[in-house]
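Biologist: I am new to this structure. Please take me through how its parts meet.

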2 protein chains.
Amino acid sequence: MENNNILLGHGSGGTLSHALIAELFLKYFNDPALLQLDDAARLNFSAENIIFSTDSYVVDPIFFPGGDIGKIAVCGTVNDLAMLGARPLFLSVGFILEEGFSVAQLELILKSMQDSAEEAQVRIVTGDTKVVPHGAVDKIFINTSGIGEPISGAHVSGHNAQIGDVIIINGPIAQHGIAVMASREGLKLEVNIETDAAPLNHLVAEILETVPEIHALRDPTRGGIATTLNEIARQSKIAIKIVESALPILPQVQSACEILGLDPLYIANEGKCLVFCPAPKVDQVLTIMQKYKYGQNACIIGEVIGDPPGKVFMETAIGGQRIIDMLAGEQLPRIC
Amino acid sequence: MENNNILLGHGSGGTLSHALIAELFLKYFNDPALLQLDDAARLNFSAENIIFSTDSYVVDPIFFPGGDIGKIAVCGTVNDLAMLGARPLFLSVGFILEEGFSVAQLELILKSMQDSAEEAQVRIVTGDTKVVPHGAVDKIFINTSGIGEPISGAHVSGHNAQIGDVIIINGPIAQHGIAVMASREGLKLEVNIETDAAPLNHLVAEILETVPEIHALRDPTRGGIATTLNEIARQSKIAIKIVESALPILPQVQSACEILGLDPLYIANEGKCLVFCPAPKVDQVLTIMQKYKYGQNACIIGEVIGDPPGKVFMETAIGGQRIIDMLAGEQLPRIC
């Protein structure tokens, strides 16, 4: 690239736009469909159903321990597809860049997106870039939309959780939110906390191929596991009981939450998955999960009960019970 | 909605997010797939190929004569799909809202999106909303991504233009850019100029179903017809000659361009389509186009020639010839 910083002309659709695409984007994104440089991609697709998802990413700061906005933009949409029982195939990418944004930083983000896409084995097939004047956006926002094909036999949905289901999580909670928050506020933590951002599609695919009886899956991102469990309790019209002492959390994350006065139940994750599993299948599912890098610490955190529908309870460490509500205000804006 | 303005909590994923969706979004968007409120949509799809496209919309101002950001967000992606020979089926919508943004304005935008989606007969099936603190984005940005199925027999691409093709446009150029520009700068024009934003998919579908021999289609948005013709000349390795006196332009748009010192060839359109048509099929295509509201003023503007590949020429009104380059800088930022 001739320029060190993004100019308005890089979003014009004209010569500078074409240079940005040819000299920077195509250095990292080189799918044959994308290389056509038409305004849309034509792709082979053989399933009878498609799964379609979209998310915009506005995280601040754009680089943080263990990841960046590009990594979560790929992993987040991959995971949204996987949670609905899909094998993610194709991603679109829409960039909104601030005039003056660093080309070197953009390059790091593109590399990170391509690395995550390769790990997830998903193809980046079409894209769009807009540039807005300085001050009209904070550095860079990214939208990714994704298409997946259903994993045969699976029929997971937030509406399908059943009484008696055991709730499994693939590892410790609240890392992503704390990593971003600490980075944003310049907190010096004794032990570095990294985002958990990761593509979970391979892990999920093996679970669903082996145990198609799984009822629901969801990634507890914004609003943390408390909000996600409340969503599923409402959608499925069941109650959920979780056990505080069973919740996996790294000691350094627990300490950071205590210092900052934040409840880890409400802190965003970017590489976690809640699995609603029929009780007889639990051991089988845990064995699968624990084989995977992103499921080594999989464990049971609760179960689905009947009453009262739509509510989430926690059995506390001291033996009491408290209601876990959905997040009411906004604890941490721009967390993803 | 209880609130008159968007709060950060409306993007939290928690209670306020759910209220925003239930009380405002679902008032306008009510597709059965969307109503599931899962993080992705599951959709029936029977074709063997999919067409996939994405665009982010950052237009300023967000309301302008004849349209708003919502209308172009739907029409723009519908048109990108149509131009690659697809029947658009599904749209995703990603909103990025500024804290404090007017709920009443958001409602107008949602209504406008739904109206355009109905006109295009495309389903809005999944979405995402982020809210960022005041100053981190200018009011509202929208991403739409779209999925379409190929129109049987069609094989249009920017790479397929052939020597001898006649180039047709469906109506007058440069309205959108001038409408937005005049509105942004508060120019008082003698005659009001409205955006041409429109969904062209029905018009395109009939052309391609009747004349599958069409070689290329493209909507001349950012950078205007000059930039789009240059793209196709490069992709197809052919030359293009257009005739100045044949270019359709409304007199009030022509006057505004002269006053503002802008070249209409480089001004964005949002409801125009360039058709690269084999010469023997021209009358048939013009007849089809002229039946449609958005094609009444369809006319021939030029042809594809052989040399030198990648170049665009214009036969000027005074009988000379000039090279039409791609847009070099940025004439009008945030035009779409």
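**Domains and cores**

Modeller: Domain 1 of chain A and domain 2 of chain A bury about 1,900 Å² between them, and carbon and sulfur atoms give 59% of that area. Buried area is the accessible area (1.4 Å probe) that two parts lose on being put together, summed over both. In domain 1 of chain A, the residues that lose the most area to domain 2 of chain A are A:P65, A:M83 and A:E119, together 31% of what that side buries. The model is predicted: local features need pLDDT of at least 70, side-chain atom pairs count only at pLDDT 80 or more, and totals for chains, interfaces and linings use all residues. Residues are numbered from 1 along each chain as its sequence is written, and side-chain values use heavy atoms, with hydrogens and water left out.

Biologist: Why is the meeting of A:E209 and A:R87 called a salt bridge?

Modeller: The term requires a side-chain nitrogen of Lys or Arg within 4 Å of a carboxyl oxygen of Asp or Glu. The side chains of A:E209 and A:R87 meet at 2.7 Å, N to O, so the pair satisfies the rule.

Biologist: What makes the largest nonpolar core of 76 residues lie between two domains?

Modeller: Domain 1 (8-150) and domain 2 (166-323) of chain B both give residues to this core, so the core lies between them; these bounds come from an automatic or database domain assignment. A nonpolar core is a set of buried (under 20% relative accessible area, 1.4 Å probe, protein chains only) Ala, Val, Leu, Ile, Met, Phe, Trp, Tyr and Cys residues joined through side-chain atoms within 4.5 Å. B:F95 and B:I140 are among the members that touch the most others.

Definitions and conventions: Chains lettered and ligands numbered in written order. Buried < 20%, exposed > 50% of the residue type's maximum accessible area, 1.4 Å probe, protein only.
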